[in-house]
Amino acid sequence: MPNARSTEYDAVIIGSGPNGLGAAVALAQKGWRVLVVEAGEAIGGGTRTKELTLQGFHHDVCSAVHPTAVASPFLRALKLEEHGLRWIHPEIPLAHPLDGGRAAVLHRSLDATAEGLGRDGRGYRRLFATLVKNADKLYGDIFTPPPMALPRHPLLMARFGMAAAMPVQLLARTIFKDDAARALLAGNGAHSVLPLTQMFTSAVAVMLQFSAHAVGWPVAAGGSQSIANALAAVLQKHGGEIVCGWPVKTMSELPKARAYLFDTSPRVMSRVAGEELPAGFRRRLEAFKHGPGIFKIDYALSGPVPWTNESCRKAGTVHVGGTLEEIAVSERDAFEGRHCEKPFILVAQQSVCDPSRAPDGKHTLWAYCHVPHGSTQDMEPRITAQIERFAPGFRDCILARHTMNCAQVEAYNMNCHGGDIVGGMVNLAQLLTRPVARLDPYSTPNPKVFICSASTPPAGGVHGMCGWNAAQSVMRRVKSGI
């Protein structure tokens, strides 16, 4: 909008990731006049899709598989399918290959998963059956943490919390006897980007696994950009405006508004807000800790990945890294500043279920591993070797590669400080104080300035709930003048 700088709004949102767009939609639905300002040439933040390798190969630049999106109470209520979004569920949500051609397989069916785990099937059912049965109740409480709302199902949350609070290594070894079930839990726990010996690393593992049974692990048809486009369509339906190509340097360049919401890292917020925030609060924002970064590769392939295990060929996501013990070493190394020789790799093969991602007969592959914060080490040979370990002949399928180290990830999206893609370390301290210790984590000492990014509860994932929660805070505090 050419006149956006001179127009007055109710709310201006800086950043158009899922949380920024989510906050904008939540406010616009209530009649607020909203402007979203995006530094890049396209909206989306972590939900962008580009031809990174060869023409006709559509790669998700950041997020790829979306269990938290289909679980999100807010996104589900928006009915994004009516605005062009289509979810595609792979035949198998996740496979975790092991040496010898074996694999632990996370099926949509809890029973099928348990049966595939042999003698660990009983323990698997005991851990997950109640959570799967009550998933909708759980999502409401998990995604809307105190102080926004007290748990509506405290006993159910306590059941989830007892497992979630444990270190992955302890939970896996307590409940399971064999390497397959332990590896499956460890691979999901590695999404926490913490050593698997730390408290609460089981939270993401348990939620991802029960979500596979409750809602699935789908991809967005055509690419993750479709999620951002659908959110933008909802926003514009309610009169919201979006301006791209506007890298905000200071708040003084923004139009007048009753509230400003930052879908950014705490450091970026501190820099842009400047003297609009007290110096002491800015220091606390800048002290917010970021963990390991990522080294990412997008492959254009001549055909499907030749996984030794048949289930891996049908899975939308493949966790490559071997046993619990191997994954634990990889995640500890990245956290402690070392580059693992055999890194744990998160792999998505969207083209297995979405043929629009590549030309006929061709495929895409999305892969990354965790590396020390700020690393510029080239991990391509190690990632390719790990995939080749479980898919002999993989190298022969590669037509082209596109790589991003931590510095390049941050250059692409300044919110990914040091290559950290999850919005900041989710250790015990920062789990309770994202981004700083306040009763209302979305507010600041300036009653007009708020933060709505993944650096706030409930943390990373394409769910929009950080934005929704922040919008509730805005409407409550701005209206009341708190």
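**Exercise 1. Which residue stands opposite I13 in β2? Place β1 in its sheet.**

The model is predicted: local features need pLDDT of at least 70, side-chain atom pairs count only at pLDDT 80 or more, and totals for chains, interfaces and linings use all residues. Residues are numbered from 1 along each chain as its sequence is written, and side-chain values use heavy atoms, with hydrogens and water left out.

Solution.

Step 1. I13 stands opposite V36 in β2. Strands here are DSSP runs of E with at least two residues, and helices are runs of H or I with at least four, numbered from the N terminus.

Step 2. Four bridges pair β1 with β2 in the parallel sense; two strands count as paired if DSSP finds at least two bridges between them. Five bridges join β1 to β10, again in parallel, and V12 has Y260 as its bridge partner in β10.

Step 3. Strand β2 (residues 34-37) also pairs with β9, parallel, over three bridges. There, L35 has E241 as its bridge partner in β9.

Step 4. The open sheet has five strands in the order β9-β2-β1-β10-β16, with parallel pairing. Its edge strands, β9 (241-243) and β16 (449-451), each pair on one side only. From one strand to the next the twist averages 20°.

Step 5. Six of the six residues of β1 are buried, so the strand is largely enclosed by the rest of the structure. Buried means under 20% relative accessible area, exposed over 50%, and partly exposed in between (1.4 Å probe, protein chains only).

**Exercise 2. Which strands does helix α1 lie across? Do the same for α12.**

Solution.

Step 1. Helix α1 (residues 18-29) lies across β1 (9-14), β2, β9 and β10 (257-262), and runs at about 170° to β2. Axes are lines fitted to C-alpha atoms, for helices over the stretch in contact, and angles run from 0 to 180 degrees between N-to-C directions.

Step 2. Helix α12 (residues 266-273) lies across β10 and β16, at about 165° to β16.

**Exercise 3. Which residues of α7 are buried, and what covers them?**

Solution.

Step 1. In helix α7 (residues 154-164), the buried residues are L156, M157, F160, A163 and A164. Seen down the axis of α7, they fall within an arc of 125°, so they line one face of the helix. The arc is taken from the directions from the helix axis to the C-beta atoms.

Step 2. P154, L155 and M162 are exposed on the other side of α7.

Step 3. The cover over the buried residues includes α5 (121-133), α6 (135-143), α8 (168-175) and α10 (201-214).

Step 4. F160 is also among the residues with the most contacts inside the largest nonpolar core, which has 101 residues. Such a core is a set of buried Ala, Val, Leu, Ile, Met, Phe, Trp, Tyr and Cys residues joined through side-chain atoms within 4.5 Å.

**Exercise 4. How are the rings of Y299 and F394 arranged?**

Solution.

Step 1. The ring centres are 5.1 Å apart and the planes at 80°, so the pair is edge-to-face. Rings of Phe, Tyr and Trp (its six-membered ring) pair if their centres lie within 6.5 Å; planes under 30 degrees apart count as stacked, over 60 as edge-to-face and the rest as tilted.

Step 2. Y299 lies in strand β11 (residues 293-301) and F394 in the loop between α16 (380-390) and β15 (398-404), 95 residues apart.

Step 3. Y299 is buried at 0% relative accessibility, and F394 is buried with a relative accessible area of 0%.

Notes. Contact = heavy atoms within 4.5 Å.
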